[in-house]
Amino acid sequence: MRIDRVVTSGKFELDGGSWDVENNVWVVGDDDEVIVIDAAHQAEPIIAAVAGRTVRAIVCTHAHNDHINVASQLAEALNAPIRLHPADEMLWTALYPDTGYEALTDRERIPLAGSEIEVLHTPGHSPGAVSLHLPSEQTVFTGDTLFAGGPGATGRSFSSFPTIIESIRTRLLTLPADTVVRTGHGDSTTIGAEAPHLPEWIKRGS
């Protein structure tokens, strides 16, 4: 199993604001098949990282525009389905009113290259945010739910600080301590490095 990171840059736009961001896109699989985790900003470098392999799915950790804004383009170019948790429907249709997706469900297992990725519904940053646990590689892809240093932002529409804390506490920090956390932006970390700081995050608030 190989995990490749592609960093793309563009705009995150929500609630009338616009911010320059760099996103991590993860291409995960073997020499024959992969999934793409998130579809951010530029399709070309993502397609280059796929390198002709079969794409089983384009899995969106959530539907903020900076994680989905080339999803439709990639789906067409790579002949792959788009997967998203339906609780983010309102964010998805704001960008793609005429493009569908296949629904992700909590605890669903996505087969990949002789292994399985488990879908963990981790709402808070958005209602449909998910994390993707790959036990065989001791890693979890957390989107914008958990970063090196704390939870994702919850100060905008459809987000909730108590909800993201509960998701992190019950769905992520219960994973093995040596699990590598591969995030939607910035550097990776581990569950063991982040877990001791939960009380600080709660005290700090959103």
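In which sense do strand S4 (residues 54-59) and strand S5 (residues 82-84) pair? Select both. They pair in the parallel sense, over two bridges. Two strands count as paired if DSSP finds at least two bridges between them. Strands (E, at least two residues) and helices (H or I, at least four) are DSSP runs, numbered from the N terminus. Now pick Val59: its bridge partner in S5 is Arg83.

Before moving on, note that this is a predicted model: local features need pLDDT of at least 70, side-chain atom pairs count only at pLDDT 80 or more, and totals for chains, interfaces and linings use all residues. Residues are numbered from 1 along each chain as its sequence is written, and side-chain values use heavy atoms, with hydrogens and water left out.

**The six-stranded sheet**

Widen the selection to the open sheet of six strands. Its order is S1-S2-S3-S4-S5-S6, and the pairing is mixed. Strand S1 (2-14) and strand S6 (102-103) are the edges, each pairing on one side only.

Next, select helix H1 (residues 43-50). H1 packs on the sheet and touches S1, strand S2 (17-29), strand S3 (33-37) and S4. Contact means heavy atoms within 4.5 Å. The direction of H1 makes about 165° with that of S1. Axes here are lines fitted to C-alpha atoms, for helices over the stretch in contact, and angles run from 0 to 180 degrees between N-to-C directions. Then show helix H3 (residues 71-78), which lies across S4 and S5 and runs at about 165° to S4.

**Two faces of H1**

Colour Ala43, Ile46, Ala49 and Val50: these are the buried residues of H1. Buried means under 20% relative accessible area, exposed over 50%, and partly exposed in between (1.4 Å probe, protein chains only). Looking down the axis of H1, the buried residues fall within an arc of 130°, so they line one face of the helix. The arc is that of the directions from the helix axis to the C-beta atoms. Their cover includes S1, S2, S3, S4 and H3. Turn to the face away from the buried side to find the exposed residues Glu44 and Ala48. Ala51 follows H1, with a positive phi near 55°.

**The cores**

Which residues touch the most other members of the largest nonpolar core? Select Val36, Val55, Ile58, Leu74 and Trp92, out of 30 residues in that core. A nonpolar core is a set of buried Ala, Val, Leu, Ile, Met, Phe, Trp, Tyr and Cys residues joined through side-chain atoms within 4.5 Å. Centre on Ile58. Beyond its neighbours within four places in sequence, its contacts include Val36, Leu74 and Ile82. A second, separate core has 15 residues, among them Trp26, Ile37, Ile110 and Leu112.

**Strand S10**

Jump to strand S10 (residues 139-143). Five of its five residues are buried, so S10 is largely enclosed by the rest of the structure. Thr139, Phe141 and Gly143 lie on one side, Val140 and Thr142 on the other.

Add strand S9 (residues 130-134), which pairs with S10 in the antiparallel sense over three bridges. Leu132 stands opposite Phe141. The two strands form a hairpin with four residues between them, and Gln138 in the turn has a positive phi of about 50°. Strand S13 (residues 180-183) pairs with S10 in the parallel sense over four bridges. In S13, Val180 is the bridge partner of Thr139.

**Last stop: Ala148**

Find Ala148 in the loop between strand S11 (146-147) and strand S12 (150-151). Ala148 is partly exposed, at 44% relative accessible area. Its C-alpha atom is separated by 6.7 Å from that of Asp187, 39 residues apart along the chain.
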